[in-house]
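This briefing is meant for a reader who is meeting the structure for the first time. Please keep the sequence and the model in view while going through the points below.

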Amino acid sequence: MRNFLPDLKKTLKIAVRDLVAHVLRSGDLSFEFLASARPVDAIRIHQKIQQSRPENYTAEVAVAHQMETDLFLLMLGGRIDGIYHESDGVLIEEIKTTTRRLDYFESHENPIHWGQVKTYAYIYARDRNLSDVDAQLTYFQVDTGEIRNFKKHFTVAELETFFQDLVAVYLQWAGTVVRWELRRDESIRQLEFPFGSYRPGQRAMAVGVYRTIKQDGQQLVQATTGIGKTMAAIFPAVKAIGEGLTAKVFYLTARTTGRLAAETALDELRKGRLKLKSLAITAKDKICFKPESACNPDECEFARGHFDRVNAAVNEIFDQDAFTRTVVAETARRHQVCPFEFSLELSLWADCIVCDYNYAFDPRVYLRRFFLEENGAYTFLIDEAHNLVDRSREMFSAEIYKQPLLDLRRSIRKELPQVYKSLGKINSWMIKARKKCEESEPTRHEKQAPEDLFPLLRGFLRISERWLSRNVKTSFREELLDLFFAISGFIRVAEQYDDSYVTCFEKIKKDLKLRLFCIDPSNQLGNALNRCQAAVFFSATMTPMQYFKKILGCNPGAGGLILPSPFPAENLRLFVYDTVSTLYRHRNNTKQEVSRAICSLVSQKTGNYLIFFPSYEYMLMVFETFSSDCPDSEVIIQTPGMSELEREEFLNRFGMENHRSLLGFAVMGGIFGEGIDLVGERLSGAVVVGVGLPGISLEKELIRDYFAATHNAGFEYAYQYPGINRVLQAAGRVIRTETDRGVVLLIDQRYGTYRYRSLLPAEWRPVKVRSGQQLAEDLKDFWNH
């Protein structure tokens, strides 16, 4: 456990590169199109250059400098790439990699690059009482391997003037930040729990979260709806910020509903006079002001001059505490800066960041400004953590298709012959891979990575980024850009390929899909968790917990907490109809029985019901029968690929006063299976048909084989555990508040076995039914009391 509060004064720590960038940045927002391998290449290039230096050269020299004001201590730190120790003095070297032509730097000095090396030179010379020092920027062109040095001589007096001017500007901003943090910490010390009392289980969860943060630990919490999970996670995390136990909280969620819940909880705490800055990060494509334009100053006025105006935008918004999507967008538009890059800048100054999982875990888009180094003073609060299993497999997997390569190749034949040639090599490789599918099965897999393809893909990235960096507007530019990012992400995933991966090939008509599939995400999630000091996973469904501890990459000492429902047990009546088989081969024979059981449930009380099925095909099969069995009920059906408006219309039907029963037929694990609240009379009950098993597929079978070999639990990891969590989520739609009453009917003979019964919550107390008549009688008894 670490405490980041000093005994007397506040301490601000900042890296040399960050201070220099904050003060000296100016001009346009522009992007060098660095392929995913380039960060790795840059490290290797640095090391190669350093190793090539003579004996009088020392690499990676740490420097530190501190300045004290009346209010705080500023600690400045960094690492010099290398120092030449000559007989007549020293030379400080800063190495930079670039895709630009090196002639560019002959006429365009980069003030941030020179500011960084001058600051290093000043700190080093001052500590050693030197009177003067040489400084050198070394640029390495990543495509050509060309190196060019730019050398300057400085007296320490010159460097001190530069440094003092630089720091003076930053100290003004730092003073604003420190005064804010003092107000924040005082408000946290006085903050009380926002409600009159804790709900049952809520205090236990809050205490567990606080202890986990204090001990730099990990914890998994299963807490059903109604406990108040969001507040039970956020309140102790805020307290931990005030006590210096954590520097920043990342509230990670997979859905908009999770983001809104976090923002609502923070607003509730602010009603108790909490001063805390929070930021909701919105995806770039959703907040962009000019999605039809390229991200360059030639096409976008918000990129043009962005850095000339961004500090003023930060200063203005800092008067507010909640950096919501609306507030960020309005401020960005007023100051004419890119809203997404502005939100990333604000993340440096926010105490709590609410964002999607991928900003912490995805190897392609995680926030490098925080997570390049391990053990940051951060806390991860991971909402609806059961979703992270499938999401992490997606984040750590990657795929490319043959057809887009071929379409683009035809478009660029004359204009970009080198890219055309590069894509031809990749296309030839894909043709050979497709032929293997034609000779065996349309879908096949190999344990080995396609190592002979990777050099071809890297070659394409190197050639295409040269052209993309010129920002030439053509009819095929966006197509090339999309392919560039797809292959860049593919290569980044390829760098992680190990025994937990397989390579999947799928022939789709004339096309070929090539996928690097991550079977077991636990190692990579475990590595990602090293980016923080404490992590809390919470969800209403984390059954069985040992499975989630393993698959989510938790350390062996991770704690587990299971909290029962806070609502009266008598408000829920759960029935198990375990004489009906819903196995695929039996469905046609038992669809009538399933239909009649549903009809028995909804006939006893006019109300709204959700009926969940394992697949669309099965749902439509039962619907045909149900329409004649229960003609007095109205049925609405979930369809594949529903738009946001269609989803809203579906749910709005449950808010109307219906004179006859309304049934929503839906698919388990889909958009209506979790994350929706139909409180009170909006939902009287739910039926869950089957045990939620995902459909059989190549990837599910690969998961099954892998975990059968490694954990002797192949079926459980691939099908049973994901399935039961779908069931629990679907059933959890019924009771949302302490006044709700409702019924749940589980239909499948497997619920009669210990293997499945043991995974149901203890407080459910299921009632077995053997016939529609018995179900009707038990329902009358429940609804009449």
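Helices, as the word is used here, are DSSP runs of H or I with at least four residues, and they are numbered from the N terminus. The model is a predicted one, and on that footing Glu-644 can be placed in helix 24, which covers residues 644–652. The points that follow take up surface charge, buried and partly exposed positions, backbone geometry and salt bridges in turn.

**A charged patch on the surface**

- Glu-644, Glu-646, Glu-648 and Glu-649 together form a negative surface patch.
- Within that patch, Glu-644 counts as exposed because its relative accessibility is 59%, and exposed here means over 50%.

**Buried and partly exposed positions**

- Ala-730 is found in helix 26, the run of residues 714–731, and it counts as buried because its relative accessibility is 0%.
- Once its neighbours within four places in sequence are set aside, Ala-730 is in contact with Phe-612, Met-668, Gly-673, Ala-686 and Val-688.
- One of these partners, Val-688, lies 42 residues from Ala-730 along the chain, while the C-alpha atoms of the two are separated by 7.2 Å.
- His-65 has its place in strand 2, residues 57–68, and with a relative accessibility of 12% it also counts as buried, since buried means under 20%.
- Apart from neighbours within four places in sequence, the contacts of His-65 are Leu-74, Met-75, Leu-76, Ile-123, Arg-126 and Phe-163.
- Arg-391 sits in helix 15, residues 388–395, and its relative accessibility of 24% makes it partly exposed.
- Leaving out neighbours within four places in sequence, Arg-391 is in contact with Ala-254, Asp-356, Tyr-357 and Asn-358.
- For Arg-391 and Asn-358, the separation is 33 residues in sequence and 8.7 Å in space, taken from C-alpha to C-alpha.

**Backbone geometry**

- Most residues other than glycine have a negative phi, and most peptide bonds are trans.
- Against that background, the peptide bond from Thr-543 to Pro-544 is cis, with omega near -10°.
- Pro-544 belongs to the loop that runs between strand 17 (534–539) and helix 21 (545–551).
- Asn-129 is not a glycine, yet it has a positive phi of about 55°, and it is found in the loop between helix 4 (111–127) and strand 5 (132–141).
- The relative accessibility of Asn-129 is 72%, and therefore this residue counts as exposed.
- Arg-765, likewise not a glycine, has a positive phi of about 50°, and its position is in the loop between helix 27 (754–757) and strand 25 (767–768).
- Arg-765 is exposed as well, because its relative accessible area is 54%.

**Salt bridges**

- Side chains of opposite charge can pair when their charged atoms come close.
- If a salt bridge is taken as a side-chain nitrogen of Lys or Arg within 4 Å of a carboxyl oxygen of Asp or Glu, the count comes to 40 salt bridges.
- Arg-148 and Glu-106 form one such pair, with their closest N and O atoms 3.2 Å apart.
- This pair links distant parts of the chain, for Arg-148 is in strand 6 (residues 147–155) and Glu-106 in helix 3 (residues 104–107), 42 residues apart.
- Arg-364 and Asp-362 also meet through their side chains in a salt bridge, at 3.2 Å from N to O.
- In this pair Arg-364 is partly exposed, with a relative accessible area of 27%, whereas Asp-362 is buried, with a relative accessible area of 9%.
- A further salt bridge joins the side chains of Asp-781 and Arg-573, at 4.0 Å from N to O.
- That bridge again links distant parts of the chain, with Asp-781 in helix 28 (residues 772–783) and Arg-573 in strand 19 (residues 572–577), 208 residues apart.
- Asp-781 counts as partly exposed because its relative accessibility is 38%, and Arg-573 counts as partly exposed at 23%.
- Elsewhere, salt bridges that share partners join Lys-10, Glu-181, Arg-184, Asp-185 and Asp-351 into one network.

Methods:
Residues are numbered from 1 along each chain as its sequence is written. This is a predicted model: local features need pLDDT of at least 70, side-chain atom pairs count only at pLDDT 80 or more; totals for chains, interfaces and linings use all residues. Side-chain values use heavy atoms; hydrogens and water are left out. Patches are made of residues with over 30% relative accessible area and no salt bridge: like charges are joined within 9 Å, nonpolar side chains (Val, Leu, Ile, Met, Phe, Trp, Tyr) within 5 Å. Accessible areas come from the Shrake-Rupley method with a 1.4 Å probe; for residues, only the protein chains shown count as cover. Lys and Arg count as positive and Asp and Glu as negative; His and the chain ends are not counted. The place of a charge is taken as NZ of Lys, CZ of Arg, CG of Asp or CD of Glu. Helices (H or I, at least four residues) and strands (E, at least two) are DSSP runs, numbered from the N terminus. Buried means under 20% relative accessible area, exposed over 50%, partly exposed in between (1.4 Å probe, protein chains only). Contact means heavy atoms within 4.5 Å.
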